[in-house]
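Student: Could you walk me through this one? I'd like to start with a single residue and then turn to the chains.

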Amino acid sequence: MIPTSYYILLGSGLFTIGVIGVLTRRNVLIILMSIELILNAVNINLVALSQYFRSVDGQVFAIFVITDAAAEAAVGLGLIIALFRNKETVNADEIDLLKW
Amino acid sequence: MLNLIAFGILSAAALVAGVMVITRRNAIHSIIWLIVTLFAVGGIFLLQHAEFLFAVQIILYVGGIMVLFLFVVMLVNLDVALKQAQFSRQWQLGLFTALLVFAQLGYVIYKIGAGLSLPAQPAGPEPAHNTQAIGQALYQTYMLPVEIASLLLLVAMVGAVIMAKRKFE
């Protein structure tokens, strides 16, 4: 039997990798992939705790998280296509139209 | 014991592939490594007897979302971005902040970990059929959230079509 805290530690490690990706990369596509990593870390935690409490509620929430990930990927990738058409760049720090 | 070995292999694969995702120069390589991470996370779901979620992970994430990502990466011309700097100017600050967050999380897990790693058999036996239990929870207890999620998907579909349209008229 694997202790639940191992799963939570793995989830926080994956979450940290995702946060590093969001904060340090310039490519918008890789920032979106890092967000997928973060959502997966959340899913690991939800499933581990649902197993710990012997209830499927956590797994149902994980399904909702995956639904959100699908919606976010669809809208985010549509935004990236529109952005690339207008600005010819995928670098997050070159998109500064609203900057003073 | 066998479970622990499988957990070690899967979590190492997930973490190494996650690091590869955020360090690759080419976005297509990042996607391939992200698929490796998703498979490893799916294996961890399987290890916890969440068979339905494992199937959803493979079919929806790897089969659906990742193919969408691949389409967009191949649609967007990345040849220019390949030759530019890959990390933003404040990357040291970002790395430091993220590691600080991880240190805090690790401290809290270390503090409460002793309570969590008790033999995990509190309330009742494990449901026999994972898919059946999830189906009953989804369509009885979580009826309204399922409807809201379906509405969210509809809105996302319409939004993506409008966003990717060539001209607003």
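Tutor: What follows takes one serine and then the contact between two chains. This is a predicted model, in which local features need pLDDT of at least 70 and side-chain atom pairs count only at pLDDT 80 or more, while totals for chains, interfaces and linings use all residues. Residues are numbered from 1 along each chain as its sequence is written, chains are lettered from A and ligands numbered from 1 in the order in which they are written, and side-chain values use heavy atoms, with hydrogens and water left out.

Student: Okay, is S12(A) buried or exposed?

Tutor: S12(A) counts as buried because its relative accessibility is 5% (buried is under 20% relative accessible area, exposed over 50%, partly exposed in between, with a 1.4 Å probe and protein chains only).

Student: And what does S12(A) touch?

Tutor: Leaving aside residues up to four places away in sequence, S12(A) touches F102(B), L105(B) and I109(B), where contact means heavy atoms within 4.5 Å.

Student: Which backbone oxygen lies 2.8 Å from a polar atom of the S12(A) side chain?

Tutor: That oxygen belongs to L9(A).

Student: Switching to the chains, how many residues does each bring to the contact?

Tutor: Chain A brings 69 residues and chain B brings 87.

Student: What area do they bury between them?

Tutor: About 6900 Å², of which 76% is on carbon and sulfur atoms; buried area is the accessible area (1.4 Å probe) that two parts lose on being put together, summed over both.

Student: How many salt bridges are there between chain B and chain A?

Tutor: Zero, taking a salt bridge as a side-chain nitrogen of Lys or Arg within 4 Å of a carboxyl oxygen of Asp or Glu.

Key. A polar contact is a pair of N or O atoms within 3.5 Å; within protein, one must be able to donate a hydrogen and the other to accept it, and residues adjacent in sequence count only if both atoms are side-chain atoms.
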